[in-house]
Amino acid sequence: MGTWNSGRATKRIDAKIDSLPLKDIEIKEYVRETDLSGLSGNTAYRVDGVHLYADILNLKDILNVTTVEGETCHKRTLRFLNMHYRAAHRIIGAVESIFVDFHNQRLHTVFTKPYDDEAKRVHRAVATAQLIINVLARTGEDADHPAAKVRVGIDTGKALAVNNGRRGHREPLFLGRPANHAAKRAGGGSAQGIFLTNEARKAIGLAEAQDVDKTPLNAEEIAKSEQAARLDVTVDGIVKDWAEDLKNNPIGDFVFSGHTPPFSTLDIETLSVKNSRRQDAASIYGDLDGFTVYVGANMGTDAGAKHVVRALHVLRSELDAVLHEDFEGRKIRFIGDCIHGVLAEGTAQTTDAVETISSMTLCAAAMRSSFKIALKRLKDMGTDASSLGLQIGFEYGPITVTRLGMKGGLVRCAVSRGILNSEQEQGRCKGNQTAIGANAYSKSSHGVHALFGDMRIRGDLDYETALNGMAGKNDTVARAVKTAAGASLLKPASSPAAPLSFPDRPAGPTKPGGFA
């Protein structure tokens, strides 16, 4: 059972701001052969590049291949992703683009070469996009693990590259319009193909499209880019190397076990195909609303870019701290200005659905309270990020957590119907809203029901509002938190024994016997 209070949050936020004085933040221009793989937390580069996002459209089909979301569909989904990750990894290495991340069905890579020639970079990205489409059309195995259907989005321009700060995966994170707009084009519809923003179309001499999400490149336009790029790699060559790698390093069978809550103790860097986690849990996405506009307005000057770097690290750090420290959940990854995490209450074998959803509701509300404090403290210290909002969505259901990809370069993967739904819930929010998924809503307490209403969405849901509202409807988690807080206030300073302070209800989890 997690709790939050403003004093603890303020202390954390102030410490993070103090660790990022503006005078110590460096803004540099990306130059030839700059290594972005080990950036420090106070360094950012302006990178003029072409951003490519590739979405695998049929991931949902694989996840929904069975009526029940059991081990079978999860094993098929993870093997399906693993095969295509390996193929895409080989392509990125061959074309010398910068690997940013795989986020489930989504690949992000950036082209900085050839330097000083934007048109050639766009042509190279288009040719690579077609290579990805052609290769992934041949890297399926059978009806259970089919070929991938791919939609690619491409944009060009300057972005800020900062450290993403994950142990073992200190790859760069790109902030700004080209990364955001390429992702939107990739996610802009269900049609396969290559979709360019008008900025990218203009760079290679194409006419502007009235609706870029409905205007894929035609065969002639793609062929022109392939001829201009002259990639030194072929579909046959990639598929041959991919098949040889599968033969020499077979994926093997996925082996699942449950993690004994809390998830804060889960070391994701130790997970693998044969050591994967699967259990019921809540998944949450918290996304900074308006951040792309904020980056665009400030990255043009060193002074402005420093504020972007400080705001990003302070806000993301605090959202992670609320999830990890206050509610003992686990961040899966940062995705740009978004955090994705999971939380569960119960045992490794049996998750307490009602308690998990109540805890996640309080966690989401605490994130908003911390976010408000962080904006104020940042402004007090000269960084005005008050134009930003926070969109939060969460859902409940079976989840998987593992690592996939090439040996020596495994990437985190957490995927399930509930995880995809939680991202969709976040996507339907405005900057002051929190949304709960349909499955979580159906299994939640009356207190959580009352907070969200039939539309399953709530504006300005902060911690005090959620705690008081849920406790007022006899939500057991909220009542336990309030009881513990009240007992703590009444407890004499010299009181030695915690049990004497909680005569009616234990301060620990409401099902202490369920925690191994």
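E328 sits in the loop between α10 (302-326) and β10 (330-335) of this predicted model. Its phi is near 55°, a positive value in a residue other than glycine. With a relative accessibility of 36%, E328 counts as partly exposed, because that value falls between the 20% and 50% cut-offs.

R456 also has a positive phi, of about 60°, although it is not a glycine. The loop that holds R456 runs between α14 (446-452) and β15 (457-459). Most residues other than glycine have a negative phi, and most peptide bonds are trans.

Two cis peptide bonds can be described next to these backbone features. One joins K113 and P114, with omega at about 0°. P114 belongs to the loop between β4 (106-111) and α4 (118-136). Another cis bond runs from P261 to P262, and its omega is near 10°. P262 is placed in the loop between β8 (256-257) and β9 (276-289).

The table lists these backbone features with their angles and loops.

| Site | Backbone feature | Loop |
|---|---|---|
| E328 | phi near 55° | between α10 (302-326) and β10 (330-335) |
| R456 | phi about 60° | between α14 (446-452) and β15 (457-459) |
| K113 and P114 | cis, omega about 0° | P114 between β4 (106-111) and α4 (118-136) |
| P261 to P262 | cis, omega near 10° | P262 between β8 (256-257) and β9 (276-289) |

Helix α4, which comes after the loop of P114, contains T128. What is the relative accessible area of T128, and is the residue buried or exposed? T128 has a relative accessible area of 2% and is therefore buried, the cut-off being under 20%. Leaving aside residues up to four places away in sequence, T128 touches I91, V95, F111 and L231. Of these partners, F111 falls within the range given for β4 (106-111).

E464 is found in helix α15 (residues 463-472). Its relative accessible area is 45%, so E464 is partly exposed. The C-alpha atoms of E464 and A366 are separated by 8.4 Å, while the two residues are 98 residues apart along the chain.

Turning to the whole chain, the model has 17 helices and 15 strands. The C-alpha trace spans about 75 × 55 × 40 Å along its principal axes. The radius of gyration is 24 Å, which agrees with the value near 24 Å that a compact globule of 516 residues would have. Buried residues make up 59% of the 516 residues. Among contacts between residues at least 6 apart in sequence, 71% join residues at least 24 apart.

The chain exposes about 20,800 Å², and carbon and sulfur atoms supply 49% of that area. There are 65 positive and 61 negative side chains. The centres of the two charge sets lie 2 Å apart.

How confident is the prediction, and which stretch has a pLDDT below 50? The mean pLDDT is 90, and 93% of the residues reach 70 or more. Over residues 493-516, the pLDDT is below 50. Beyond near neighbours in sequence, this stretch has 27 contacts in the model.

How values were computed:
Residues numbered from 1 in each chain as written. Predicted model: local features only at pLDDT ≥ 70, side-chain atom pairs only at ≥ 80, totals over all residues. Heavy atoms only, no water. Helix = DSSP H or I, 4+ residues; strand = E, 2+ residues; numbered from the N terminus. Rg over C-alpha atoms; globule rule 2.2 N^0.38 Å. Buried < 20%, exposed > 50% of the residue type's maximum accessible area, 1.4 Å probe, protein only. Contact = heavy atoms within 4.5 Å. Areas by Shrake-Rupley, 256 points an atom, 1.4 Å probe, with all protein chains shown as cover. Lys, Arg positive; Asp, Glu negative; His and termini not counted. Charge placed at Lys NZ, Arg CZ, Asp CG, Glu CD. pLDDT = per-residue confidence, 0-100.
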